[in-house]
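Let's take a friendly walk through a protein and the ligand it holds. Have a look at the picture first, and then we will go through it piece by piece.

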Amino acid sequence: MTQTTQSKPLALITGASTGIGATYADRLAHRGYDLILVARDAAKMENLAAQLSGKTGVNVRVFPADLTRATSLASVEQLIRDTPAISLLVNNAGSVLPGKFTDADADAIDELIRLNVTSLARLSRVALDGLQTHKNGAIINIASVLALAPEISGPVYAASKAFVLTFTQSLQVELADRGVYFQAVLPAATRTDIWEKGGKNIDEVPGVMEVGELVDAALAGFDQKEAVTIPPLQDDNKWLALDGARKALLPEFLQSHAAPRYR
Ligand SMILES: NC(=O)c1ccc[n+]([C@@H]2O[C@H](COP(=O)([O-])OP(=O)(O)OC[C@H]3O[C@@H](n4cnc5c(N)ncnc54)[C@H](OP(=O)(O)O)[C@@H]3O)[C@@H](O)[C@H]2O)c1
């Protein structure tokens with residue numbers, strides 16, 4: 001495969017108009033990345049782009065798109081196909097479903113899945129063709145600790161983030177020999193607008209992390225090439241034990257007969 005030449009590395013960040021995505025934009029610009037920012041709010045992204053290119057000298061392109069709309073998502077996919085210089089995709093755009101599952105409108109459920117799940121998977125698929133041509137191609141997928149905690153979240157959001165975690169772990173195995181690094185980032189409560197959008201008061205939530213600290217920690221995990229980064233988890237051995245217990249189950253599944261308790 002041909003090696004793409006580009007003076008600065010180029011990252012595409014979804015959900016880059018605010019919150020975690022905008023903070024990734026800031027940190028990556030300071031690391032010398034040129035950027036493509038994707039979200040719906042063009043004015044916010046233009047403002048951020050002007051600030052970042054003024055401060056750091058990097059090139060920042062704004063690409064407004066609603067990732068829940070098929071035509072809009074297709075335009076981002078085409079942009080990625082047309083821009084093989086992209087060496088880093090940050091799949092960060094995400095939203096929540098306010099209220100209880102039984103109060104939710106079926107279309108709102110579908111929309112959340114299209115944003116948190118479908119767009120992330122489709123953009124990863126399209127980006128991988130180009131990423132494999134880079135020496136340091138990478139995808140960062142923003143999941144959530146709620147992937148591991150269905151008890152404390154709405155079912156659709158928690159399941160969408162479990163998808164992101166499982167999807168990333170499976171890509172790590174399937175594409176282990178392709179030279180692309182995949183990182184799943186699992187933030188816990190982080191101070192951004194997502195709380196208000198979900199109808200929750202963040203001031204009532206204990207243990208909220210500031211967004212700058214979250215992204216700096218996630219990028220420290222990125223630099224260490226961690227597979228799964230959980231910034232608030234103080235004792236990493238607890239994650240390793242959980243993942244180890246899961247992996248220990250795998251050979252147990254290969255049985256020709258049902259367990260005695262089902263016979
Ligand atoms: N904050 C937390 O406590 C927390 C914890 C765990 C995981 N996360 C995850 O972190 C990611 C970022 O969330 P955040 O906390 O930074 O929330 P946020 O401040 O609400 O930002 C969400 C971003 O996604 C974009 N977005 C929303 N709907 C979109 C759509 N239909 N099409 C394109 N872009 C869209 C928003 O931009 P526009 O409105 O301009 O489109 C915005 O840039 C999400 O995946 C979230 O699930 C957050």
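## Polar contacts with the ligand

A polar contact is a pair of N or O atoms within 3.5 Å. Keep that cut-off in mind, and remember that this is a predicted model. In the side chain of K161, an N or O atom is 2.8 Å from an oxygen atom of the ligand. R40 also has a side-chain N or O atom close to a ligand oxygen, at 2.7 Å. With D66, the partner is a nitrogen atom of the ligand, 2.8 Å from an N or O atom in the side chain.

How much of the ligand does the protein bury? Taken alone, the ligand exposes 880 Å², and the protein buries 95% of that.

## Who surrounds the ligand

Three elements give two or more residues to the shell around the ligand: helix 1 (19-30), helix 5 (155-174) and helix 6 (194-197). Helix 6 gives the most, with 3 residues.

In total, 31 residues surround the ligand, and the closest are I20, R40, Y157, T192 and K197. Sorted by class, the shell has 15 nonpolar, 10 polar and 6 charged residues.

## The nonpolar cores

Now let's leave the ligand and turn to the protein's interior. In soluble globular proteins, nonpolar side chains tend to be buried together. Here, the largest nonpolar core has 37 residues, and L12, I36, V38, L67, V76 and I80 have the most contacts inside it. Which elements each supply at least two residues of this core? They are strand 1 (10-14), strand 2 (34-39), helix 3 (70-82), strand 4 (86-91), helix 4 (106-131), helix 5 and strand 6 (181-185). Helix 4 provides the largest share, 7 residues.

L67 makes a good example to follow. Not counting residues up to four places away in sequence, L67 touches T14, V38, L73, V76, A93, R114, L115, S119 and L123. There is also a second, separate core of 34 residues, which includes A11, A22, A25 and L35.

## A closer look at L89

Find L89 in strand 4. Is L89 buried or exposed? L89 counts as buried because its relative accessible area is 1%, and the cut-off for buried is under 20%.

Leaving aside neighbours within four places in sequence, L89 is in contact with L12, L123, S124, A127, A138, I139 and I140. As for T166, it sits 77 residues from L89 along the chain, and the C-alpha atoms of the two are separated by 18 Å.

Terms used:
Residues are numbered from 1 along each chain as its sequence is written. This is a predicted model: local features need pLDDT of at least 70, side-chain atom pairs count only at pLDDT 80 or more; totals for chains, interfaces and linings use all residues. Side-chain values use heavy atoms; hydrogens and water are left out. A residue is near a molecule or strand if one of its heavy atoms lies within 4 Å of it. A polar contact is a pair of N or O atoms within 3.5 Å; within protein, one must be able to donate a hydrogen and the other to accept it, and residues adjacent in sequence count only if both atoms are side-chain atoms. Accessible areas come from the Shrake-Rupley method with a 1.4 Å probe; for residues, only the protein chains shown count as cover. Helices (H or I, at least four residues) and strands (E, at least two) are DSSP runs, numbered from the N terminus. Ala, Val, Leu, Ile, Met, Phe, Trp, Tyr, Cys and Pro count as nonpolar, Asp, Glu, Lys and Arg as charged, and the others, Gly among them, as polar. A nonpolar core is a set of buried Ala, Val, Leu, Ile, Met, Phe, Trp, Tyr and Cys residues joined through side-chain atoms within 4.5 Å. Buried means under 20% relative accessible area, exposed over 50%, partly exposed in between (1.4 Å probe, protein chains only). Contact means heavy atoms within 4.5 Å.
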